[in-house]
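Here are some notes to read alongside the structure, written for someone meeting it for the first time. They go through the open spaces, then the strands and a helix, then a few single residues.

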Amino acid sequence: MKKIIFSILLMVPMCLFAQKPASTNVPASQYPMVDEQGCAYFQIAAPDAKEVLVDICSKKYPMTRDEKGVWTVKTDPLVVGPHYYALNVDGVRVNDPASEAVYGCGYFASNIEIPEDDATAAYYTFDRNVAHGQVRECQYWSALEGRMRRCYVYTPAEYEKGGRKYPVLYLQHGMAENETGWHTQGKMANILDNAIASGKAKPMIVVMDNGNCDYGFGSKPGESMNDFGASFEKVLLQDIIPFVESTFRVRTDRNSRAIAGLSWGGKQSFDIGLHHIDKFAYIGAFSGAIFLMPGQKAEDLYDGAFKDAARFNKDVHALFMGMGSVENFGADRMTKMLKDYGINATYFESPGTAHEWLTWRRCLNQFVQMIF
């Protein structure tokens with residue numbers, strides 16, 4: 001294949017709606033652009049290419065070539081929030097050099113954010129008028145796995161003043177994502193900073209580690225659904241929590257620990273939290289991959305964790321399930337079943353969103369206001 005030279009052009013085409021560079025562009029890149037209707041505009045120079053497409057979540061937009069070998073396309077209006085996408089150049093999938101690459105779907109993908117209005121997005125937007133915490137990249141040794149692992153740890157703004165110990169939220173990503181997701185796509189730090197500054201959430205530490213499910217299920221031959229990501233439970237209990245509690249100023253009682261996650265991480269959070277109520281007093285699942293089988297009853301789930309509703313309600317201070325209004329992950333049905341059985345469960349529905357980061361940002365914003 002002939003060498004393809006990618007370059008980002010600065011020319012802005014005329015259009016009916018005002019366009020501006022996407023917030024997810026790399027520095028100095030004018031494209032991709034987004035207009036007021038949520039349409040995205042892509043432009044790339046590939047003079048030797050025969051066909052170029054933009055693939056946004058499997059919807060393909062053929063690009064048009066001009067006489068200079070510059071390819072352009074305007075998409076249909078896209079829903080607000082972040083979108084993974086790629087370029088397809090003569091049948092080869094490549095990332096757009098003009099956009100930030102984030103880890104999702106089991107690989108690093110280009111990412112474009114279609115903005116919400118300022119008021120709606122305020123809870124996850126950087127606010128220069130509030131105090132900001134830090135997100136640290138930490139490496140530690142896993143005795144269980146015999147290797148180095150990495151986690152990201154958020155500390156609230158006041159942490160640097162010293163002295164005080166803080167509760168901890170262990171926050172998990174989903175299938176084919178990794179420990180970077182909540183910090184990048186999830187806007188976790190902005191959500192926590194804003195919620196804490198407004199008094200809606202208490203200062204806390206947030207730990208984001210790899211859930212051992214950072215690839216698509218089925219990638220490992222012979223791995224069962226029950227095996228997928230199951231090794232994370234022992235890693236969390238035997239490696240991660242001891243590392244965090246020996247490295248950071250944290251409270252170590254069960255009332256100061258929460259666990260939550262999105263999608264497969266939501267399943268992990270319920271599996272771990274409900275089997276270790278002695279260690280976690282707050283449990284959350286955001287679009288959790290938790291599916292009820294026909295005929296299952298509340299008292300039979302999680303080895304009888306819900307059997308004594310009064311005891312459960314005393315021990316677990318928040319049980320949270322949320323999902324987008326246009327996905328069908330069953331959180332509403334499971335919450336109703338638990339409530340009918342007498343369990344204090346909270347259900348949150350994100351209006352107009354699906355199985356996506358905007359749903360999970362909203363869920364996190366709700367959950368952190370309920371814990372500690």
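1. A good place to begin is the largest pocket, which has a lining of 32 residues; nearest its centre are Tyr-84, Cys-105, His-355, Glu-356 and Trp-360. Please keep in mind that this is a predicted model. The space in this pocket comes to about 620 Å³.

2. Which elements build that lining? β8 (81–89) and α7 each supply at least two residues of the lining of the largest pocket, and β8 gives the largest share, with six residues. Sorted by class, the lining of the largest pocket holds 20 nonpolar, eight polar and four charged residues.

3. Now turn to the second largest pocket, with about 430 Å³ of space. Its lining has 23 residues, and those that lie nearest the centre are Ser-23, Glu-113, Pro-115, Tyr-124 and Lys-187. Here β1, β11 (107–114) and α1 (118–121) each supply at least two lining residues. The class division in the second largest pocket is nine nonpolar, seven polar and seven charged.

4. Pockets are open, but what about enclosed space? Rolling a probe the size of a water molecule over the atoms shows where empty space is left. The structure has one cavity of 30 Å³ or more, and the volume of the largest cavity is about 70 Å³. Around the largest cavity you will find Ala-285, Ser-287, Gly-288, Ile-290, Met-321, Gly-322, Phe-329, Gly-330, Ala-331 and Met-334. Two or more of these lining residues come from each of β18 (318–324) and α6 (331–341). By class, the lining of the largest cavity has six nonpolar residues, four polar ones and no charged ones.

5. Next, the strands. One open sheet has five strands in the order β1-β2-β3-β7-β6, and their pairing is antiparallel. Which strands stand at its edges? They are β1 (19–21) and β6 (64–65); each has a single partner strand, so one side of each has no neighbour in the sheet. Within this sheet, β2 (residues 33–35) and β3 (residues 40–45) run antiparallel and are joined by two bridges. To find this pairing in the model, look for Met-33, whose bridge partner in β3 is Tyr-41.

6. There is also a hairpin worth a look. Strands β4 (residues 52–56) and β5 (residues 59–62) pair in the antiparallel sense over four bridges, and Asp-55 has Lys-60 as its bridge partner in β5. Two residues lie between the strands of this hairpin, and Cys-57 takes a positive phi near 50° there.

7. Among the helices, α3 (residues 232–247) deserves a closer view. Where does α3 bend? The bend, of about 30°, is at Ile-240, and the proline Pro-242 follows within four residues. Ile-240 is itself one of the buried residues of α3, along with Phe-232, Val-235, Leu-236, Asp-239, Ile-241, Phe-243 and Val-244. The cover over these buried residues includes β12 (134–142), β13 (147–155), β14 (168–172), β15 (205–209), β16 (257–262) and α4 (264–275).

8. Thr-353 is in the loop between β19 (345–350) and α7 (357–368). Is Thr-353 buried or exposed? Its relative accessibility is 3%, so Thr-353 counts as buried. Leaving aside neighbours within four places in sequence, the contacts of Thr-353 are Gly-324, Ser-325, Val-326, Glu-327, Leu-358, Thr-359 and Arg-362.

9. Asn-365 has its place in helix α7. With a relative accessibility of 14%, Asn-365 also counts as buried. Apart from residues up to four places away in sequence, Asn-365 touches Tyr-123, Ile-191 and Ala-195.

10. Last comes Gly-342, in the loop between α6 and β19. Gly-342 has a relative accessible area of 33%, so it is classed as partly exposed. Beyond residues up to four places away in sequence, Gly-342 touches Ala-309 and Asn-313. Another residue to locate is Phe-306, 36 residues from Gly-342 along the chain, with 9.1 Å between their C-alpha atoms.

Definitions and conventions:
Residues are numbered from 1 along each chain as its sequence is written. This is a predicted model: local features need pLDDT of at least 70, side-chain atom pairs count only at pLDDT 80 or more; totals for chains, interfaces and linings use all residues. Side-chain values use heavy atoms; hydrogens and water are left out. The bend at a residue is the angle between axes fitted to the seven residues ending there and the seven starting there. Buried means under 20% relative accessible area, exposed over 50%, partly exposed in between (1.4 Å probe, protein chains only). Contact means heavy atoms within 4.5 Å. Two strands pair if DSSP finds at least two bridges between them. On a 1 Å grid over the protein atoms alone, a cavity is a set of points where a 1.4 Å probe fits but cannot get out, and a pocket is an open set with protein on both sides within 12 Å along at least five of seven lines; lining residues have an atom within 4 Å of a point. Grid points are joined across faces, edges and corners, and a volume is the space filled by probe spheres set on the points. Ala, Val, Leu, Ile, Met, Phe, Trp, Tyr, Cys and Pro count as nonpolar, Asp, Glu, Lys and Arg as charged, and the others, Gly among them, as polar.
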